[in-house]
Each structure stands twice: as structure tokens, then as C-alpha cells.
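Thanks for sharing this one with me. Here is my note for anyone opening the structure for the first time.

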Amino acid sequence: MTAVEENTLVTDTPTALAEPEAPQTPSAAAAAGAMIVFESVQKTYDPNVVALEAASFVIEKGEFVFLVGPSGSGKSTLIRLLLKEIEPSTGRIIVGGRDLGRLPRRKVPQLRRNIGCVFQDFKLLSDRTASENVAYALKVQGESRNSIRRKVPEVLGLVGLSHKSNSFPDELSGGEQQRVSIARAFVNHPPLLVCDEPTGNLDPDTSVEIMQLLYRINRSGTTILMATHDREMVDKMRRRVIALEDGRIARDERRGGYVSE
Amino acid sequence: MLGEAVRSIGANISTTVAATMTVLIGMFLLGLVIAFATYARSWSDDVKAGLVVKVFHDRDATPQQVNAVRVLIEKDRRVDKNRIEFVSAEEGLDQMRRERPDLFKTDLPYNPLGPAWTVYPTQAEYVDEIAAALGAGTKASPYPSGVHQVTYGAEKAKRILKVANIINAIFGIAVLVLLSAAAILIANTIRLSIFARRREIEVMKLVGATNWFVRGPFMLEGLICGLAGSLLAVILLFVSKEAALPSLLPRLTSDPDVQALGFGLNALILLGLGLLLGAAGSGLTLRRFLQV
């Protein structure tokens, strides 16, 4: 039995987060208030490189979804589209009920404050301590000092790093850095957490710790979309899997594995 | 925002010093060129102001003929209407007596001079055109009746204008080149500093910072560098001026009309430019990195 299973973090499905019986059509899902809706989304880079083709799917609130596929299959493009770093060539993307195509650029910061991001390379500010890195996400929102002082230790406690709050990133292990990055992503309690290979740079044991943390966050009601190459983790957790191949959705399974079975 | 800017200056002290030194060098050189350029321009303007057209009437010119020339002069748009001087024959003689007493050792039986006009152009460059309109230098149009000569120091005027134009052009180009060089150098230094921190900017944008939240501390940092650099340049210029002027002054013209731009104004220009270059340099350079 693996560490993840021992902690019973992956085998139980909270009833509150029960998955829908039948997949919804994107338009119906948009109306029903799904977390993410992709409607025939296509992204073509110049010159005529199709990164994502006719991608349609719905992710409900509270779901934990793995996004798998080989390098260059379109995972990163999909995440960048979600964050409105890039615009789709055609199609419609709705995040938390907001149509990104109609969202003006000045409202993008607002969108990103509602999407926590966790990356393979952590993206921490090296000249700030763990708590300052977490506090930065609150500062950009104009949060008061009192509120920052209250929320930062709370979230650092949640990720088990209370004792490292004054350490700089280079004084932390890879796993600890990723936990700081998760704390930063979660400190605003965003309804959606997007993780791009969060365990890509970590050893298996540390990866399990990180997955446990993400699982706990998911149980609190946060939707998680995680792009990964971690075959073992995907196969063990048995969550929804959206598989991309050459920019197309090759598979969308409610309780899938890393490869088609 | 101030806290973020001060923090950033402290964390990137080497690039901050580099940017400040770039501003210092650029503004110091610019200050020097402005001082020399305005002095040279003032000198050439002073010399050019001495360029006039002189119209000499015949000794027996009638008042009607003199009046006709007055009308002709006043009608000319290139003439400074407030500076048309009429010199009567008697005044002309007195003037000559003062200037060339050697010619008046014996009494003259009669006044050999006629009345004359001294005409100032609105711009020194017009002297030859005004003189030509009055018939000077062209065979086709003789002098108006009652006028026996029109002079404007043709060769001298041309030489002065040529030298003045060259001086103006050289200093004008020098100011432009220095200003562009300072702007490019400062922008480049800031670009390097921002490039080194592009990751930081990316993170800021990803956690939902608005463009102004990111730009603010950088611009404030640029502003502080620009102010510090130009302030140091002003201090250096002041010290150089105090040290060099005593030995330079005796070599310069004593004409009180020839003046370089006042030090205070020059300093204000440099401080303003330093601030502008620092803030605009970082603000504009950031634009590229904000497209995240």
C-alpha cells in the first residue's frame, strides 16, 4: 500500500464532490455554472501550428482533473488559455461563469486572483522569505496588513511550513518550495487551482506529500486541474483524466488511468 | 509602492548603481554641452545683431526722395520696424567727427554727407535681401533716386552668418546626440535590470498584480535613479564650474550681452530630464515584459 493510500486521501470520494452522472454539453454546462467550459477551442500559432484543436469539455466545481499527454500535446497551451495569457484562435472559454473572450485585458488580474497557479519550477521570488512570498499574493489585491498577518501563518500552517516562514527559497528543499508555492496559490482560497507539473521536479515521496496536500485542498471544495506526466500518481488516484494528443482531446474518462485501458 | 521600490533598489544595488552612474555621465555631458552651446549661440546672436543695412543719400537728396526711401524701408517685412534709424547729414558729420577725428584737422568748407538710414533686419539672415531690395549688388535695379550707396558689409556679413550657423549646427547636433545617447544608455541599463527581473514580473502578473502595481515600483526606482544621477551631475557641474571659470573668464568676451544659459536653469533642465528619462525609461521598457 502506498503512502497516498495509507492516508486514505485518494480512495474516498467526498459525497459533496460527487461527479456528474452524464457529461454535459458545454453550452448547458455554462448555463449550469460549471467551473471551466471549453467550447470548440482552437489555438493556432504562426505559421499554422495547431496547438489545440476543437477542444470541448466541462469541469464542474469541486472536481479533481488530471490533464495528461506527451510533451507538445497542448497541455501548457490549455493552461495558458485558462489564465488568458494567450487568446484562442476560435471557440469559447468560460471560467467561473466568465466568458474569457469578453473579458477586457484590464480585468485579467481579477481573473488570475481567482485562479491559484502552481508550477513545476515553483516560481517563487528568491529575495523574499516563504511568508513574504505568500503575502505577496495578498498584497497585490490590496489586502490590509492585519489581514495579511492573519492569513499567511494560517496557510503556512496548512501546508506544514509554519517553522520555515522566515526561510528564503534557496534554504528550502524542493518539496518545501512547492508547498510554499501551493500556499501562495491557495492563500486567497481561489475556487480553482491550476497545477502545471507540480511534482515534476520532486522525488516520489515528496510527490506523494504534495498530492496529499492538493487532495486536501480539493476536499475543501477547490476545483483542481493538474497537468502531469506522473503516470503512477494518475493511475493510483483514479480521478477524471483528460488526455491530449497532438492538440486534440483523445480521451476524457471519469475515473481514468494515465493511458487508455 | 515606495516600500517595494526601496526594497527593489536594495536587492538590485549593482544595477541601481549602474543606472545612476549612466544618468550621471549622460546628464553631466549634456550639462556641459548646454552651457557651451548656449554661450556660443549667445555670442553668434550678439555678432549677428551687429549686422545692419546702411542707406546713404546723395548730399542734395530732396526731402521727397528721403521720404520715398523711408516708405520703401518701412514697407519691407524683413525690416525690424522699431529699429529704423534716420541719421541726418549733421548727425552723420558729428558721428564721423567723433569716430575719425584725424579727418577733421582742417575745417570742411561744407558738409559732404547726405542723410542716411541704418536699418536693422528682423533676422540677421535678411540683410542681403533688404539691401538687394534697395538696389545693392544688382545692376538691374539701380538705387532709388537720391540714394548713392547701400551697404551691408556683404563679405563680413556672409562670413559671420556662416560661422554662426556652423556653431549652432554643431552644438545643436551635439545636444541631440548626447540626449539620444543618454536616453539609449539609460533605457538599456534599465532594460538589463528589468530583464534580470523578468521572472519576478512574470510571478507578479500570475498572482494577479495589475500592470500599474508591477510598473509603479519600477518607475519609482527609475525616478529615484534619475533624480540621484542628475543631482550628482549638477553637483559635479557646479564644482567644475567653480574650478574652471576663474581661468576661463579672462579668455572669454567681456561683452555683457554674451551669456551662457544660467546655471540654475541648466540644473533644472538636467534634473527634469533625469527624472523623465528614469521614469519613462523604466515605464516604457516594462511594457514588453508586462505582456504576460
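The points below start with the sheet in chain A, turn to the place where the chains meet, and end with helix packing in chain B.

1. A word before we begin: this is a predicted model. Please read everything that follows in that light.

2. A good place to start is the sheet of chain A. Six strands form an open sheet there, in the order β6-β7-β8-β3-β9-β10, and the pairing is mixed. Neighbouring strands are turned by 15° against each other on average, direction ignored.

3. Which strands stand at the edges of this sheet? They are β6 (115–119) and β10 (248–253) of chain A. Each has a single partner strand, so one side of each is left without a neighbour in the sheet.

4. Now look at strand β3 of chain A, residues 64–68. Parallel neighbours flank β3(A) in the strand order: 4 bridges join β3(A) to β8 (residues 223–227) of chain A, and 4 bridges join β3(A) to β9 (residues 240–245) of chain A. To find the pairings on screen, note that Val65(A) stands opposite Leu225(A) in β8(A), while Leu67(A) has Ile242(A) in β9(A) as its bridge partner.

5. Is β3(A) mostly covered or mostly open? Strand β3(A) is mostly covered, with 5 of its 5 residues buried. In a regular strand the side chains alternate between the two faces of the sheet. Here Phe64(A), Phe66(A) and Val68(A) point one way, Val65(A) and Leu67(A) point the other way, and all are buried.

6. Moving on to the next pair of strands, β9(A) and β10(A) are joined over 5 bridges in the antiparallel sense. A handy landmark is Ala243(A), which stands opposite Arg251(A) in β10(A).

7. A helix also meets the sheet. Helix α7 of chain A, residues 174–186, lies across β6 and β7 (192–196) of chain A. Its direction is at about 170° to β6(A).

8. How many residues bring the chains into contact? There are 13 residues of chain A in contact with 11 residues of chain B. On the side of chain A that touches chain B, α4 (108–113) and α5 (130–139) each supply at least two residues, and α4(A) gives the most, with 3 residues. By class, that side of chain A has 6 nonpolar, 1 polar and 6 charged residues.

9. In chain B, the helices are worth a look. Two packed helices are described by the angle between their axes and the distance between the axes. For α2 (residues 13–49) and α8 (residues 211–248) of chain B, the axes come within 7 Å and cross at roughly 45°. That makes α2(B) oblique to α8(B), and the crossing is right-handed. Among the residues making the contact are Ala19(B), Val23(B) and Gly31(B) of α2(B) and Gly226(B), Gly229(B) and Ala233(B) of α8(B). The contact residues divide into 11 nonpolar, 7 polar and no charged.

10. Helix α8(B) also packs with helix α1 (residues 2–11) of chain B, where the axes come within 8 Å and cross at roughly 65°. The crossing of α1(B) and α8(B) is right-handed. The contact is made by Leu2(B), Glu4(B), Ala5(B), Ser8(B) and Ile9(B) of α1(B) and Pro217(B), Leu220(B), Glu221(B) and Ile224(B) of α8(B). By class, these residues are 6 nonpolar, 1 polar and 2 charged.

Terms used. Residues are numbered from 1 along each chain as its sequence is written. Chains are lettered from A and ligands numbered from 1 in the order in which they are written. This is a predicted model: local features need pLDDT of at least 70, side-chain atom pairs count only at pLDDT 80 or more; totals for chains, interfaces and linings use all residues. Axes are lines fitted to C-alpha atoms, for helices over the stretch in contact, and angles run from 0 to 180 degrees between N-to-C directions. Angles under 35 degrees count as roughly parallel, over 145 as roughly antiparallel, 65 to 115 as roughly perpendicular and the rest as oblique. A crossing is left-handed if the near helix is turned anticlockwise from the far one by less than a right angle, and right-handed if clockwise. Two residues are in contact if their C-beta atoms, placed from the backbone, lie within 7 Å. Ala, Val, Leu, Ile, Met, Phe, Trp, Tyr, Cys and Pro count as nonpolar, Asp, Glu, Lys and Arg as charged, and the others, Gly among them, as polar. A residue is buried if 20 or more other C-beta atoms lie within 10 Å of its own, exposed if 12 or fewer, and partly exposed in between; C-beta atoms are placed from the backbone. Two strands pair if DSSP finds at least two bridges between them.
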